[in-house]
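Me: I have a model open and want to go through its cysteines, then some strands and helices. Can you take my questions as they come?

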Amino acid sequence: MSFASNVGPQWLDAQYQLWREDPNQVPADWRGFFEGYELGQQQETTALPSQDFRPAAVQTLIRRYREIGHLLACVDPLSPCTFDHPQLRLTNFGLTNADLNHEFAPADFILPQAKLGKIIEILQQTYCRSIGIEFMHIPLPAERQWLQQRMESSRNNPQLTTEQKLAVFKKLQQATSFERFLHKKFLGQKRFSLEGGESVIALLDHLLTQGSQAGLEDIIIGMSHRGRLNVLANIFGKPLENIFAEFKDNSEYRVVGEGDVKYHKGFSADRVFPDGKKLHISLASNPSHLEAVDPVVEGKCRARQEAVGPDGPKRVLPLLIHGDSAFAGQGVVAETLNLAALEGYSTGGTLHVVINNQIGFTTLPADSRSTCYPTDIAKMLMAPIFHVHGDDPEALLQAAELALQFRQEFGRDVVIEVICFRRHGHNEGDEPFFTQPLMYEKIKHHPPAADIYYQELCDQGIDKKQLDQIRSDIDAELARALTQPEQQLQQAFLQKWRGVAREYSFTPVETGVSAQKLVALGEIITRIPDSFTPHKKLAGLLQRRYQQIVDGTKIDWGTGEALAFASLLAEGKNIRLSGQDSRRGTFNHRHATLIDMHTAERLTPLEEVARQNNCRFYVYNSSLSEFGVLGFDYGYSIENPYGLTIWEAQFGDFANGAQVIIDQFISSSGTKWERYSALTMFLPHGYEGQGPEHSSARIERYLQLCADFNLQIVYPTTPAQLFHLLRRQLHQAFRRPLIVFTPKGMLRHPLCVSTLEDFSQGHFNNVIGDDLGKRGIERLLFCSGRIYYDLLQYRQQQNITDTAIIRIEQLYPLDEEQLQAALKGYRKKIDCRWVQEEIANGGAWQHLRDTLAEQLGRPLRYIGRKASASTAVGSHRKHNEEQQFLISQAFNPEI
């Protein structure tokens, strides 16, 4: 009903008059009340009698409990329960204790008629016990009614059988005994225990069981380090002996491996249930950057859902486990939540479990968030939020079941906050009494959830011997596993990754496509149906694009890219291209998707090639996010080794907003976790006078991340090179992330063109020599990317014939064999210079200087901008002066 805190005759009469004028002027529950009132009258009256406004007051009270009952819920294990809230007092509604025995017939309530005392009892049992729920902010009545009916009919109190209660106790005891055993046997070692939040294991176990019943076949879980080992042991069934071996650091058996600590690694397993149903569960590898895995999990889920088909969202579930401080404090959480309903990123709803330890390292909530709850950020999605007492496992099961059913029914995110505590410090060697002495004095005397539940079950009459036997069996299994050798497990290059080579290779891959085939594809991707009206300039662009292909000359960058996509689709390979403005292209070169000028209907010509070859072409404009979207596309790519997955930055300069994904996942996941990716990153780069935020994709940063053949760093200079590069990415035997520095002004440079013959034969060239001839050459200029055309034009304009230009197209790994082939025939003591438009402490110079010197047998001269704290100058005039000077210096024989 209304939000008014006092319901009096005048106010009620005013609402009644509004209803009589137009029922839509008052809320739905008030409409029901007034309709019921008039049905009870013998004749119409002009005003509602003022002598009894209590029915309306009761309706308001009911709504108020649904809205703020969570504020009265008993959900904190470390604080006493409260039983009164000013906004829920009877007097606040004009009611008294004398009304408790009066019967009312409230609209939209679980009972058609009941005494006020009974109504309040039901409301308090439902909304003010171990579960507090926020759901009245949800705008859709059907979703609110769905939750309301299920909660109020059950009073949010599940009725478990004895067998189910014993199963819950077993999971609690497994979680508790596991942590105690590790603490005793591996004293002082970090494990980031789950102690204080052990009920989460019972919650997750129930989610899996219910998930299998709800039609789920696959759950991908993302979580940070706290409780991760416990989840691996007691949810995934990772062999205890392997976990113990990691504590012993038996790296000679490759149990720990060379890459990462034990509480960052991923794992996967199949859970088989008594009814024979199977559920595949995966735990994504995650660095210490707590929430960085969130978008990665969403991307992995999206890829698996697409592989399943139209009902993929009903069968594949993303489950994210967060910490309270991180959920409220880390921006990637908001970026990931914002993807939930977007066309290219939705996964049909995510289940979020927030483990609220009520502390972040040493920081209390008052210093770590500005909101009432750490979960308030999730209200941006109008998601239901369950706040649950961490020592009440049965309440957690109830919340888990409702959350899962809601997600499956409505395809939306749901949040469960488990309010618990952290028994030790941030790690087991940390002393929490230094900073929270009062809090940890309470925790010191607080029993584990398993002990509390043990006593509850005994009080309910369950045989104590049964419970003791469960404890004894768990302890015996832990002791047994400690004495056993670790099992040899294969967790990498399985399923869809079988057949992918692990090792990098320089062996050229032939990627040419016949001219006849390219012309046929060109016709399809430039064809516009008669019923579709594109912008006239774009109709002309497509005509020119097709003519370029037919003529076989002056094929520009946009056309070369389109042919690369089309040729891969023609081979049945899926493509996903995602980024800010990627449908059109930031620099107006792509136009993969056209818009009808009259209907705003979309047309993506490449989809026709995909349709004919039973594959998919996806191109999406993303949200204005780098961290979240790049993480999503990285996750998508590791589930899609045989498809081309591209993330495109609006400008390469902006990619550093996703530096965590680049550093912790893309560049290092192979070394740390044996998780490889074929993700391609398009990073527009080039010094063209647009200032320090629109010039540099920071080539140097990517090169600094390179080692052990982990990345491919490429700065191609022709449309045909891009064509062969993208095709090579899927045709080579191995998979590595591909970082491509793409052009801006070079997109329409008259010299940056290729012939059809360049596309129809050959392969990507890691190094491109000069066709000037080698006799009479006095100096060699080495460069990469856009500056090649400035050098070429200057050489032509000045009629210089004694200087050759060698392009290093692949900056890493450097193809020394192709480099030596390009150098062959030049005199040995030739003057060698590296030329770049980037600053001296940027670009490729610092990385390539020593390697090139070793290959040449002597050092190179550096030609480029001086070192600077900023990547580029802000003045266009100053930029031009610098550019002209460095180009002239490159050919200057006097330096």
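Reply: Sure. One definition first: a crossover is right-handed if, with the strands pointing away from the viewer, the path from the first strand over the helix to the second runs clockwise. Also, this is a predicted model.

Me: Which elements make a right-handed β-α-β unit?

Reply: Strand β20, helix α29 (residues 787–797) and strand β21.

Me: How many bridges join β20 to β21, and which way do they run?

Reply: There are 5 bridges, and β20 and β21 (residues 803–808) run parallel. In that pairing, cysteine 783 stands opposite arginine 807 of β21.

Me: What about β20 and β23?

Reply: β20 is also joined to β23 (residues 831–839), by 4 bridges, and the two run parallel. Phenylalanine 782 stands opposite tryptophan 834 in β23.

Me: Is β20 mostly covered or open?

Reply: Mostly covered. β20 spans residues 779–783, and 5 of its 5 residues are buried.

Me: Which residues sit on each side?

Reply: Arg779, Leu781 and Cys783 are on one side of β20. Leu780 and Phe782 are on the other. They are all buried, and both faces are covered.

Me: Switching to cysteines. How many disulfides turn up in the whole structure?

Reply: The search finds 1 disulfide. Cysteine 74 and cysteine 81 form a disulfide, with their sulfur atoms 1.7 Å apart.

Me: Are those two cysteines buried or exposed?

Reply: Cysteine 74 is buried, at 17% relative accessible area. Cysteine 81 counts as partly exposed, because its relative accessibility is 33% and the buried class stops under 20%.

Me: Why does cysteine 706 have no bond to cysteine 783?

Reply: Because the sulfurs are too far apart for a bond. The closest cysteine sulfur to that of cysteine 706 is in cysteine 783, and the distance is 19 Å. A disulfide needs the sulfurs within 2.5 Å. Cysteine 706 counts as buried, at 12% relative accessibility.

Me: And cysteine 832?

Reply: Cysteine 832 is in no disulfide. Its nearest cysteine sulfur is that of cysteine 783, 13 Å away. Cysteine 832 is buried, with a relative accessible area of 3%.

Me: Last topic, helices. At what angle do α30 and α31 pack?

Reply: About 55°, with their axes 11 Å apart. α30 covers residues 816–823 and α31 covers residues 845–856.

Me: Why is α30 called oblique to α31?

Reply: Because the angle of about 55° makes α30 oblique to α31. Roughly parallel would need an angle under 35 degrees, and roughly perpendicular starts at 65.

Me: Left-handed or right-handed crossing?

Reply: Right-handed, as α30 passes α31.

Terms used: Residues numbered from 1 in each chain as written. Predicted model: local features only at pLDDT ≥ 70, side-chain atom pairs only at ≥ 80, totals over all residues. Heavy atoms only, no water. Buried < 20%, exposed > 50% of the residue type's maximum accessible area, 1.4 Å probe, protein only. Pairing = 2+ DSSP bridges. Axes fitted to C-alpha atoms, helices over the stretch in contact; angles between N-to-C directions. Parallel < 35°, antiparallel > 145°, perpendicular 65-115°, else oblique. Left-handed = near helix turned anticlockwise from the far one by under 90°.
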